[in-house]
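This report looks at a sheet, a histidine and some aromatic rings. The sequence and the structure come next.

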Amino acid sequence: MGYACRNYFVPLPEGSDLEAINAALRENSLSDQQRIMAGRSDPIASRLAFERSQLGPLPTHAPDVGEVRQVLVHSTGRVRFQTNDYSAPIQYASQRLTLKADPFRVRLYAGEELVADHPRCYEKRQVIEDWRHYVPLLVKKSFAVPWALRKADLPSSFEAARQELVTRRADGNREFARLLELCLTHTVEAVDAAIARARGQGEWSADTVRQLLRWAAEEDSTALPLDPTRYPASQGSAPAPDLRAYNRLLEVRS
């Protein structure tokens, strides 16, 4: 470890791609296995192969090396970890969640249920948000929709749809919040396609988009063919009806 720190981390490697830094470290470590240490006659690779033959099997799952702590969700729907604020679903405001932080992700759990998953931020005093966490609140407080979505990773067509709704309806932002609700149960791409189709039909609303999504889901499901053996009463040929009874209609009554 000391050799690796002195040779591979002095000076500290720079870059925003941790995967690239790890790949370089792995390449240096593998090439170093060909080195013969002082007082030895064989390279590190040979000694490592012998040592591995004496070791037990690896665990079936990777050990959880991340930091675990209990955190309080503030009234803003965020938790603080190492000076940074991470969003949580707004329904957990003023409640305690379990935070698990590994080198790459920060996850929040309510009991054993994963309720939030964010990339870990190593800068200071940053806000890492997921707009989906605020949707239930936006439905009730629609005036906050433009502010809440200023950094949302949504296609530009969503903002165009919001502007159209605000122009046509007094409750345009609330109607748009109802569209965002659909993104909690459908993919953003599916909702975006349904919005485009609804806007092409002229007058539209969130209910129009919901029906188009439902229709698209039913369209993808193929009905199974009927099995005749399940309906034995319908098998075989029925006897021909006796049509002579209709001849009574031809009789002339005196």
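In this predicted model, Gly111 takes a positive phi near 70° in the hairpin of β5 and β6, a hairpin that has two residues between its strands. Strand β5 covers residues 105-110 and strand β6 covers residues 113-119; the two run antiparallel and are joined by six bridges. Within this pairing, Val106 stands opposite His118 in β6, and Leu108 stands opposite Ala116 in β6. In a regular strand the side chains alternate between the two faces of the sheet.

The hairpin belongs to an open sheet of four strands, which are arranged in the order β1-β4-β5-β6 with antiparallel pairing. Because β1 (67-72) and β6 stand at the edges and each has a single partner strand, one side of each is left without a neighbour in the sheet. From one strand to the next, the twist averages 25°.

Two residues of the hairpin pairs just described, Ala116 and His118, return in the surroundings of His133, which is in contact with both of them. His133 itself is found in the loop between β7 (127-128) and α4 (135-140). Is this histidine buried or exposed? His133 counts as buried because its relative accessibility is 7%, and the cut-off for buried is under 20%. Its side chain is joined to that of Ser87 by a polar contact of 2.8 Å. Leaving aside neighbours within four places in sequence, the contacts of His133 also include Ala88, Pro89, Ile90 and Val115.

Turning to the aromatic rings, the structure holds two aromatic pairs, set out below.

| Pair | Centre to centre | Angle between planes | Arrangement |
|---|---|---|---|
| Tyr3 and Tyr8 | 6.4 Å | 90° | edge-to-face |
| Phe158 and Phe176 | 6.4 Å | 80° | edge-to-face |

The pair of Phe158 and Phe176 links distant parts of the chain, since Phe158 lies in helix α6 (residues 156-168) and Phe176 in helix α7 (residues 172-182), 18 residues apart. Both Phe158 and Phe176 are buried, whereas Tyr3 counts as partly exposed, with a relative accessibility of 30%.

Charged side chains are also placed over rings. Arg35 lies over the face of Tyr3, at 3.8 Å from the ring centre, so that Tyr3 takes part both in this arrangement and in the edge-to-face pair with Tyr8. Elsewhere, the charged end of Arg150 sits over the ring of Trp147, 4.5 Å from its centre.

Notes
Residues are numbered from 1 along each chain as its sequence is written. Side-chain values use heavy atoms; hydrogens and water are left out. Two strands pair if DSSP finds at least two bridges between them. Buried means under 20% relative accessible area, exposed over 50%, partly exposed in between (1.4 Å probe, protein chains only). A polar contact is a pair of N or O atoms within 3.5 Å; within protein, one must be able to donate a hydrogen and the other to accept it, and residues adjacent in sequence count only if both atoms are side-chain atoms. Contact means heavy atoms within 4.5 Å. Axes are lines fitted to C-alpha atoms, for helices over the stretch in contact, and angles run from 0 to 180 degrees between N-to-C directions. Rings of Phe, Tyr and Trp (its six-membered ring) pair if their centres lie within 6.5 Å; planes under 30 degrees apart count as stacked, over 60 as edge-to-face and the rest as tilted. A charge sits over a ring if NZ of Lys or CZ of Arg is within 6 Å of the ring centre and within 35 degrees of the ring normal.
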